[in-house]
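Student: Could you take me through one part of this model in close detail, starting from a single residue and working outwards? I'd like to see how the pieces around it fit together.

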Amino acid sequence: MQDAVQPGTASAAPPAPVPSGDIGIADAVRELTLNQAIGRALEADPQIKAGLESVRQAEADLVTAGLLPNPELTADVLMIPWAQPWRETRQGGPTQTDALVSFPIDWFLFGKRAAAIVTAQKGVDVTTAQFSDLLRRRIAGTIAAFYDVLEAQALLDLARVDLDNLSQLERITANRVELGGAGTIELDRVRVFIFGSRREVRSRETALATAIARLRTFLGYSDDVPLKVKGELDVAAPAAPLAVDAAFALAEENRPDLIALQRRIAMAAANVELEERRAYPEVKPAFGYTNQFQHEMNQANADSWNVILQMHLPVFDRNQGNIAKAKSLKSQAEHNLTAQLVSLRAEILEAVKNFEAARDALMIDDPGQLDAARNVRDKIRAAYELGGKPLIDVLDAQRAYRETFRLHIASRSSYWHSLYALNAAIGKQVLR
């Protein structure tokens, strides 16, 4: 989806670089092509930025998993006399000081650190795939919002043209009323239609503002930045449809969410291995130095070395709960993958059928139908101006042209929406 191209172009072009920051680029972003919108979304979409932090967090977990444990230092002074110092006549102690340094080795003996590194690396793989899926969904949303703006703009232009035509008709009717060729009821009827057309213009203006606001959420622009889109709804050459099985096979290979689920299974298996290794006891050898103070007992100070081995005895806690939980998580990941495949099949089927329907509507749509409706409207209005047609015929012709144009806009917008929705469902730009 990252190499999405402008509608009607033959090949992909890299997204144009867009400088960061709203203030300095306000003029540069007044018109955005589809590629520029995608590039801006990749650069500034807050959700994409947040998703990237998840990858960094997983990488930090990998660093943590690879760190060696810190040695421990224990220092003490023992056998300190309570009131009077130790003497030959008051023997005790003697006072001694110890310094012990211990270092755990079970991470090496039982492979705990290696298993933790493998699990953390699998976690990075999962998070990376999830981030790729976030990119897929956000880019798909950007493209859909881009074409929503194009469609809203086209419908607003149509509403304004319709209002202009009705305003011209009002002037014609007013002239006929002055000349006695029509009654005032016809002028009132035209004005009623003008009121409705003005409401339609306001409604379309609201729809365009809403569509632009939705596009802003993907681009990371503030409300004060002027934003326009530059593109066309016309289709130069409709793409050939895909078979459901072929589209599903491509989706199995390319969908990042499926890849993330597959990697989660591998991560869960690695986590089972990690929890099983954590069941082994902690082993911590220690080496120390002891100095006994014996001067007051007319003896020389005594130095000695100590070797200590500390080890947990896994009698009761053998990590049974965490091992069982890790195995359950692995089974859960496998079930989630199966469920996602079932859901994906339905999603692909729907996307393929929607594209086929939009393509068929586009192919069946007669390109000359719109011109014919426009010609009929203009000729009937000219005849009405000369008194050769009733007002009802003019209004019907105007309505027919308006509805034909709306269908013209809707069919092309549906084509582009369904094409990119199918690409998003597959996880790769297959149709152009």
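Tutor: Happy to. Arg138 sits in helix α4, and keep in mind throughout that this is a predicted model. With a relative accessibility of 11%, Arg138 counts as buried, because the cut-off for that label is under 20%. Setting aside neighbours within four places in sequence, Arg138 is in contact with Asp45, Gln47, Ile48, Thr217 and Phe218. One of these contacts is polar: the side chains of Arg138 and Gln47 are joined at 3.3 Å.

Gln47 leads us to helix α2, which covers residues 46-66. The N-terminal end of α2 is capped by Asp45, with a side-chain oxygen 3.1 Å from the backbone nitrogen of Gln47. So Arg138 touches both the capping residue, Asp45, and the residue whose backbone nitrogen Asp45 reaches, Gln47. Helix α2 itself has 21 residues and spans 31 Å from its first C-alpha to its last, close to the expected 30 Å. Its buried residues are Ile48, Gly51, Val55, Ala58 and Ala65. Viewed down the axis of α2, these buried residues fall within an arc of 90°, so they line one face of the helix. They pack against α1 and α4, while the face of α2 turned away from them carries the exposed residues Val63 and Thr64.

The other two contacts of Arg138, Thr217 and Phe218, take us to helix α5, residues 184-219. Helix α5 has 36 residues and reaches 52 Å between its end C-alphas, close to the 52 Å expected. Phe218 is among the buried residues of α5, a list that also includes Leu187, Val190, Ile194, Leu215, Arg216 and Leu219. The buried residues of α5 pack against β1, α1, α4, β4 and α10. Gly220 follows α5 and has a positive phi, near 75°.

Back to α4, the helix that holds Arg138. Helix α4 has 68 residues and reaches 100 Å from first C-alpha to last, close to the 100 Å expected. Just after α4 comes Gly180, with a positive phi of about 85°. Another residue worth a look in α4 is Thr119. Its relative accessibility is 7%, so Thr119 counts as buried. Leaving out residues up to four places away in sequence, Thr119 touches Met267, Ala270, Asn271 and Leu274. Thr119 and Ala286, by comparison, lie 167 residues apart in sequence and 29 Å apart in space, C-alpha to C-alpha.

Leu274 brings us to the largest pocket, since Leu274 is one of its lining residues. This pocket has a volume of about 310 Å³. Its lining also includes Ala65, Leu67, Trp107, Lys112, Arg113, Ala116, Arg278 and Glu282. The elements that give two or more residues to the lining are α3, α4 and α7, and α4 gives the most, with 3 residues. Ala65 closes the loop: it lines the pocket and is also one of the buried residues of α2, the helix whose capped end Arg138 touches through Asp45 and Gln47.

Technical notes: Residues are numbered from 1 along each chain as its sequence is written. This is a predicted model: local features need pLDDT of at least 70, side-chain atom pairs count only at pLDDT 80 or more; totals for chains, interfaces and linings use all residues. Side-chain values use heavy atoms; hydrogens and water are left out. Helices (H or I, at least four residues) and strands (E, at least two) are DSSP runs, numbered from the N terminus. The expected span of a helix is 1.5 Å times one less than its number of residues. Buried means under 20% relative accessible area, exposed over 50%, partly exposed in between (1.4 Å probe, protein chains only). Contact means heavy atoms within 4.5 Å. The arc is that of the directions from the helix axis to the C-beta atoms. A polar contact is a pair of N or O atoms within 3.5 Å; within protein, one must be able to donate a hydrogen and the other to accept it, and residues adjacent in sequence count only if both atoms are side-chain atoms. On a 1 Å grid over the protein atoms alone, a cavity is a set of points where a 1.4 Å probe fits but cannot get out, and a pocket is an open set with protein on both sides within 12 Å along at least five of seven lines; lining residues have an atom within 4 Å of a point. Grid points are joined across faces, edges and corners, and a volume is the space filled by probe spheres set on the points.
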